[in-house]
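Have your viewer ready, with a selection box and a cartoon view to hand. This tour goes from stop to stop, telling you what to select and what you will find there.

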Amino acid sequence: MSDGGLNIKLAPMASLLKTCMLLLQLLAFSVFTSRDHCGCVAAVSVGCGNSVHNKLLDGGDDYSKPQVETDYKGAWVIDNLDVGVCAMHLQLMPNDQVIWYDATSLGPSARKLEPEGNCPINPYDNQPDCWAHALAYDWKTSQSRTVEVWGETWCSSGNLWPNGNMISTGGTYNGVKAVRMMPLDDPKPDFIEVRDALGDVRWYSSNLVLQDGSAIVVGGRNAFSYEIVPPSLEFKPNKIDLPFLNDTCTPSKGEGPDKYIENNLYPFLFLLTDGNVFIFANDRAVTLNPTSGQIIQQHPVCPGGSRNYPPSGSSAILPLKMSTDNTQALNVEVVICGGNSPDAFELVDAKRVKVQQFLPALKDCHRIHPMEKGAQWEDEQDMPSPRTMGYLLHLPTGDLIMLNGAQKGTSGWENAKDPNLTPLLYQPFKPIGQRFTEMNPTNISRMYHSSSALLPDTKVLVAGSNPHQFYTFNVEFPTELRVEKFSPHYLDPKLDKQRPIIDEQGTDKVLKYGKPFKIAASIQSQEFLELGEIKVTMLYPPFTTHGFSQNQRMIVPTLTEVVDNVITALAPPSGNFAPPGYYILFVNYLGVPGTGVWVHID
Ligand SMILES: [Cu+2]
């Protein structure tokens, strides 16, 4: 595949289609450049007035005018110098607390549980444990408090309930079938744990919130099954076999505790707009009807390598832009980027080889429309650099950002090197060749057991990284306890005059499926906003761990009018499009987003 250039390795039909698109794009591009609208070639822009491109690529028209430009490549700041607990798993809560936690059986953290002398019995060894393994971090103040968590959360999964409570599912040892709940409304909550609640062992599984607010929990080590977990701590476990997970599991080599290879853990899960679930594991995918257990569609092998844990690529469902009549999403499309070759883990795993071979991670990306009959993978532009353990996060603009991770090796303790310090802006509806833009790098490596989240203020919070079994300092890649925030390109201070400000008083916070709702917003540089200048986006806040943001979903609602700076939008028609719960709602003016507000939909 070409590197940042035009991609010609395509199936014949797709190739023809892409050639046609390309010609039209070039035509549209020349029109725009001749009007001196937007320097797309310069690649660092908030957007490029490319409504023609967008329509051709199914992303839909965002704006009727050229977008605002910037050359800004973003900025990093350290938000907290020593938070004391590594962010192995991370969830932004609707009360602006960011909950993160580590394993509980892997020794001391770097922070005592508060208040001093609070040493609950650790169920792992039945000994008192005075160390904190979980935190609530207030992203607005950069202050944090310790949180009590019981049982073993090591490499677990999680999601939010429709009422904003968070659950953590599975883990290891006595936590392997646990469900833990963190209430939203209690001012100083700790996790409440119900042990042995799940139907199967869930170590390295993934969760996905479904249209009714229950979650499907899929896979895990030696768990070739899924189950539906309702938003309640009282339920009957209902494990359902899923042979696809056995079929995609790279078999163990040898015996003993370190025999696993797998390559299909932490499967990528996405809710399709008909209520079915797209499950990607290792190098291929199926569409599952979660209610009947029936496989609706087998998708072809995605070329290039292994994408799930431990090669740990990343994946996202592209923004779901609603049609004018609010009955369908214009484009349902999944992208997968990075990972490593199927044998990368066994060649590098410090527990099984004496001489480690750090294979370069993958830099290729692929896209699929999983709801199309006979859906095929299409080659996306390559990333400029290889990446394993990166995160592909939605940005308020409808673009995405890839950050964290390494350029060589895989997930697992001591198994990676050459941290990838450069965030990558991904603009999926730009012409091929212009979709990736490198942003300013950080100087802090974030590899295994790191995490990240988009915040309501449009910055990206980045925390964690511990490539070692225990907290380890004074080594090349130490346990990382600093918290950073990254300001993406659109936070260019020069764009502040065009940055929308939402008037919370005049904005509806409670949305009902299919019904209109109002958003009051204004910008400094212009008296009145107009339809065609505005794009609204709604983000479901994901649970992020091990290179994948579970439940991450971006909706672009239909707008019907803007009168006196009050936007009327249509709430998505059902839970198939937007599962019930809390979303961060952003307003963009010609590609410049402002601080978002929390809304709730059901
Ligand atoms: Cu892990």
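**Stop 1: a run of paired strands**

Select Ser-315 and you will find Ile-336 in E22 standing opposite. Keep in mind as you look that this is a predicted model.

Now widen the selection to the strands themselves. Ser-315 faces Ile-336 where strand E20 (residues 314-317) meets strand E22 (residues 334-337); these two run antiparallel and are joined by four bridges. Stay on Ile-336 and look for its partner in E23: His-366 stands opposite. Strand E23 (residues 365-368) is also joined to E22 by four bridges, and again the two run antiparallel. In general, strands of a sheet pair through backbone hydrogen bonds, either parallel or antiparallel, so switching on hydrogen bonds is a handy way to follow such pairings.

**Stop 2: an open sheet of four strands**

Next, select residues 206-209, which are strand E12. What is the order of the strands in the open sheet here? It reads E12-E13-E14-E15, with antiparallel pairing. The edge strands are E12 and strand E15 (240-241), each of which pairs on one side only. Add strand E13 (residues 215-218) to the view: E12 and E13 pair in the antiparallel sense over four bridges. To see one matched position, pick Ser-206, which stands opposite Val-218 in E13.

**Stop 3: the annotated domain**

Colour residues 88-490 for a wider view. An unreviewed UniProt entry places the feature "domain: Glyoxal oxidase N-terminal" on this stretch. Over residues 88-490 the chain is 2% helix and 31% strand. Pick the C-alpha atoms at the two ends of the stretch and you will find them 28 Å apart.

**Stop 4: two cis peptide bonds**

Most peptide bonds are trans, which makes the next two worth a visit. Zoom to Glu-114 and Pro-115: the peptide bond from one to the other is cis, with omega near -5 degrees. Pro-115 sits in the loop between strand E3 (97-101) and strand E4 (121-122).

Then move to Tyr-309 and Pro-310, which are also joined by a cis peptide bond, with omega about 5 degrees. Pro-310 lies in the loop between strand E19 (295-298) and E20, and E20 is the strand that you met at the first stop, joined to E22.

**Stop 5: two aspartates with positive phi**

Most residues other than glycine have a negative phi. Select Asp-418, where phi is near 55 degrees, a positive value. Asp-418 is found in strand E28 (residues 416-419). Is Asp-418 exposed or partly exposed? It is partly exposed, because 17 other C-beta atoms lie within 10 Å.

Now jump to Asp-564, which has a positive phi of about 50 degrees although it is not a glycine. Asp-564 is in the loop between E41 and strand E42 (566-570). With 10 C-beta neighbours inside 10 Å, Asp-564 counts as exposed.

**Stop 6: Leu-559 and its contacts**

Finish on E41, the strand before that loop. Select Leu-559, which belongs to strand E41 (residues 559-563). Leu-559 is partly exposed, because 19 other C-beta atoms lie within 10 Å, and the count for buried starts at 20.

Which residues is Leu-559 in contact with, leaving aside neighbours within four places in sequence? They are Leu-531, Ile-534, Val-536, Ile-567, Thr-568 and Ala-569. For a last distance, add Leu-245: Leu-559 and Leu-245 are 314 residues apart in sequence and 41 Å apart in space, C-alpha to C-alpha.

Terms used
Residues are numbered from 1 along each chain as its sequence is written. This is a predicted model: local features need pLDDT of at least 70, side-chain atom pairs count only at pLDDT 80 or more; totals for chains, interfaces and linings use all residues. A residue is buried if 20 or more other C-beta atoms lie within 10 Å of its own, exposed if 12 or fewer, and partly exposed in between; C-beta atoms are placed from the backbone. Two residues are in contact if their C-beta atoms, placed from the backbone, lie within 7 Å. Two strands pair if DSSP finds at least two bridges between them. UniProt positions are given in the numbering used here, feature names are shortened, and annotations may be inferred rather than shown by experiment.
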